[in-house]
Amino acid sequence: PVSVVATRRLQAGSTIHVSDSLDGPWRPLDPNTLGICNNPAPWVYANGTIFIVCGGNLMRAEHISGPWTTVATIGLGGGPDGKYEDPFLYADRR
């Protein structure tokens, strides 16, 4: 199995790193088909599908290398004023 972690680069955006073990070594995913995505929040579903919140979009792929498709746009209207960060995903029993 491949472990997934998202880390921040020194330039704008983030990159995804992969490893065969949680102990590393970690290497940047190349090519990164997700593109520039600041602080991606991955969720690996039970069937192996990967979901990531990126730039106000919920995206999915069957493999970490993509291709990525947009599932939904996440609206932030109606909440308090300010900047929103650090999204997270979860699955309930349904």
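Strands are taken here as DSSP runs of E covering at least two residues, numbered from the N terminus. Under this definition, Ser-19 belongs to strand β2, which spans residues 14-19. The model described is a predicted one.

The overall architecture is considered first. The chain contains seven strands and zero helices, and its pattern along the sequence reads β-β-β-β-β-β-β. Of the 94 residues in the chain, 28% are buried. The chain exposes about 6,900 Å², and 55% of this area is supplied by carbon and sulfur atoms. When contacts between residues at least 6 apart in sequence are considered, 23% of them join residues at least 24 apart.

The interior of the model was examined next. In soluble globular proteins, nonpolar side chains tend to be buried together. The largest nonpolar core of this chain has 12 residues in all, namely Ile-16, Val-18, Leu-29, Leu-34, Cys-37, Ile-50, Ile-52, Cys-54, Met-59, Ala-61, Ile-64 and Trp-68. At least two residues of this core come from each of β2, β5 (50-54) and β6 (57-61). Strand β5 gives the most, with three residues. One member of the core, Met-59, is in contact with residues beyond its neighbours within four places in sequence: Leu-34, Ile-50, Phe-51, Ile-52, Cys-54, Trp-68, Thr-69, Thr-70 and Val-71.

Strand β2 also holds residues with polar side chains. Ser-19 has a relative accessible area of 1% and is therefore buried, the cut-off for this class being under 20%. The side chain of Ser-19 reaches two backbone oxygens, that of Ser-21 at 2.6 Å and that of Pro-25 at 3.0 Å. His-17 is likewise placed in strand β2. His-17 counts as buried because its relative accessibility is 16%. Although 12 residues separate His-17 from Leu-29 in sequence, the distance between their C-alpha atoms is 5.3 Å.

The backbone shows two cis peptide bonds that merit description. Most peptide bonds are trans. A cis bond joins Asp-30 and Pro-31, with omega at about 0°. Pro-31 is located in the loop between β3 (27-28) and β4 (41-44). Another cis bond runs from Gly-66 to Pro-67, where omega is near 5°. Pro-67 is found in the loop between β6 and β7.

Charged interactions were also searched for. Side chains of opposite charge can pair when their charged atoms come close. One salt bridge is found in the whole structure. This salt bridge is formed by Arg-60 with Glu-62, and the closest N and O atoms are 2.5 Å apart. Arg-60 has a relative accessible area of 29% and so is partly exposed. Glu-62, by contrast, is exposed because its relative accessible area is 51%, the cut-off for the exposed class being over 50%.

Glu-62 takes part in a further interaction, with Thr-49. The side chains of Thr-49 and Glu-62 make a polar contact at 3.3 Å. Thr-49 lies in the loop between β4 and β5 and, with a relative accessible area of 3%, is buried. Apart from neighbours within four places in sequence, Thr-49 is in contact with Trp-43, Val-44, Arg-60, Ala-61 and Glu-62. Both partners of the salt bridge, Arg-60 and Glu-62, are thus included among the contacts of Thr-49.

The surface and the C-terminal segment complete the description. Trp-43, Tyr-45, Phe-88 and Tyr-90 make a nonpolar surface patch of about 520 Å². Within this patch, Phe-88 comes from the segment after β7 (69-73). Phe-88 counts as exposed because its relative accessibility is 65%. Trp-43, another member of the patch, is one of the residues in contact with Thr-49. Asp-86 also lies in the segment after β7. With a relative accessibility of 48%, Asp-86 counts as partly exposed. Asp-86 and Pro-40 are 46 residues apart along the chain, and their C-alpha atoms are separated by 8.3 Å.

Note on methods
Residues are numbered from 1 along each chain as its sequence is written. This is a predicted model: local features need pLDDT of at least 70, side-chain atom pairs count only at pLDDT 80 or more; totals for chains, interfaces and linings use all residues. Side-chain values use heavy atoms; hydrogens and water are left out. Patches are made of residues with over 30% relative accessible area and no salt bridge: like charges are joined within 9 Å, nonpolar side chains (Val, Leu, Ile, Met, Phe, Trp, Tyr) within 5 Å. Accessible areas come from the Shrake-Rupley method with a 1.4 Å probe; for residues, only the protein chains shown count as cover. A salt bridge is a side-chain nitrogen of Lys or Arg within 4 Å of a carboxyl oxygen of Asp or Glu. Helices (H or I, at least four residues) and strands (E, at least two) are DSSP runs, numbered from the N terminus. Buried means under 20% relative accessible area, exposed over 50%, partly exposed in between (1.4 Å probe, protein chains only). A polar contact is a pair of N or O atoms within 3.5 Å; within protein, one must be able to donate a hydrogen and the other to accept it, and residues adjacent in sequence count only if both atoms are side-chain atoms. A nonpolar core is a set of buried Ala, Val, Leu, Ile, Met, Phe, Trp, Tyr and Cys residues joined through side-chain atoms within 4.5 Å. Contact means heavy atoms within 4.5 Å.
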